[in-house]
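Please open the structure in a viewer and keep the selection tool at hand. The tour below proceeds by selections, each followed by a description of what is found there.

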Amino acid sequence: MQKLLQKVINESKGTFSDTAIKKIDYLAGGSTNKTWHLVLSDESQLFAKTTSAEDFQKLNNEANGLNHLKQFTEKKLIEIPEPLAL
């Protein structure tokens with residue numbers, strides 16, 4: 001899983017695209033998705049979700065919803081996670 005997540009981070013062309021995954025931990029709890037805590041080589045931390053091809057649209061909808069919510073919130077009151085890649 002680390003190789004796949006590293007590839008996605010590198011291809012994201014974002015803030016973390018040149019940063020290596022130092023540590024990855026599986027987080028229990030999700031019934032549809034698998035969730036991961038990533039620590040990068042610069043000590044940044046990311047939360048990642050993976051899912052099956054059949055459930056990918058749900059993950060895509062969640063990312064779209066998070067991006068849409070940002071239009072209606074004030075960052076000083078609540079911070080909405082930013083999807084980096086799908």
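The stops run from the sheet to the core and then to the empty spaces of this predicted model.

**The sheet**

Begin by selecting the three strands. The 3 strands form an open sheet in the order β1-β2-β3, with antiparallel pairing. Its edge strands are β1 (21-27) and β3 (45-50), each of which pairs on one side only. Neighbouring strands of this sheet are turned against each other by 25 degrees on average, direction ignored.

Next, select residues 34-40, which make up β2. This strand runs antiparallel to β1, and 6 bridges join the two. Two of the positions in β1 may be labelled: isoleucine 21 stands opposite leucine 40 in β2, and lysine 23 has valine 39 of β2 as its bridge partner. On the other pairing, β2 and β3 are likewise joined in the antiparallel sense, over 6 bridges. Here tryptophan 36 has alanine 48, in β3, as its bridge partner.

Is β2 largely enclosed or not? Of its 7 residues, 5 are buried, so β2 is largely enclosed by the rest of the structure.

**The hairpins**

Move to the connections between the strands. The hairpin of β1 and β2 has 6 residues between the strands, and glycine 29 in this hairpin takes a positive phi near 135 degrees. In the hairpin of β2 and β3 there are 4 residues between the strands; in this case glutamate 43 takes a positive phi, near 75 degrees.

**The helix across the sheet and the core**

Select residues 2-11, helix α1. This helix lies across β1, β2 and β3, and runs at about 120 degrees to β1.

Now display the side chains of Leu5, Ile9, Phe16, Ile21, Trp36, Leu38, Leu40, Leu46 and Ala48: these 9 residues form the largest nonpolar core. The elements giving two or more residues to this core are α1, β2 and β3. Which element provides the largest share of this core? The largest share, 3 residues, comes from β2. In soluble globular proteins, nonpolar side chains tend to be buried together.

Centre the view on isoleucine 21. Residues up to four places away in sequence are not counted here; beyond them, isoleucine 21 touches Gln2, Leu5, Gln6, Ile9, Leu38, Val39 and Leu40.

**The largest pocket**

Switch on a surface display. The largest pocket holds about 1,000 Å³ of space. It is lined by 35 residues, and those closest to its centre are Phe47, Glu82, Pro83, Leu84 and Ala85. To see the elements that contribute, select α1, β3 and α2 (56-69), each of which supplies at least two residues of the lining. With 6 residues, β3 gives the most to the lining of this pocket.

**The cavity**

Then hide the surface and look inside. The count comes to 1 cavity of 30 Å³ or more, and the largest cavity has a volume of about 30 Å³. Select Ile9, Ser12, Gly14, Thr15, Phe16 and Leu84 to show the residues that line the largest cavity.

**The segment after α2**

For the last stop, select threonine 73, whose place is in the segment after α2. Is threonine 73 buried or exposed? Threonine 73 is classed as partly exposed because its relative accessible area is 29%, and partly exposed covers the range between under 20% for buried and over 50% for exposed. Leaving aside neighbours within four places in sequence, threonine 73 is in contact with Ile78 and Ile80.

Definitions and conventions
Residues numbered from 1 in each chain as written. Predicted model: local features only at pLDDT ≥ 70, side-chain atom pairs only at ≥ 80, totals over all residues. Heavy atoms only, no water. Pairing = 2+ DSSP bridges. Axes fitted to C-alpha atoms, helices over the stretch in contact; angles between N-to-C directions. Contact = heavy atoms within 4.5 Å. Core = buried A, V, L, I, M, F, W, Y, C linked by side-chain atoms within 4.5 Å. Buried < 20%, exposed > 50% of the residue type's maximum accessible area, 1.4 Å probe, protein only. 1 Å grid on protein atoms, 1.4 Å probe; cavity = no way out; pocket = protein on both sides within 12 Å on 5 of 7 lines; lining within 4 Å. Points joined across faces, edges and corners; volume = space filled by probe spheres on them.
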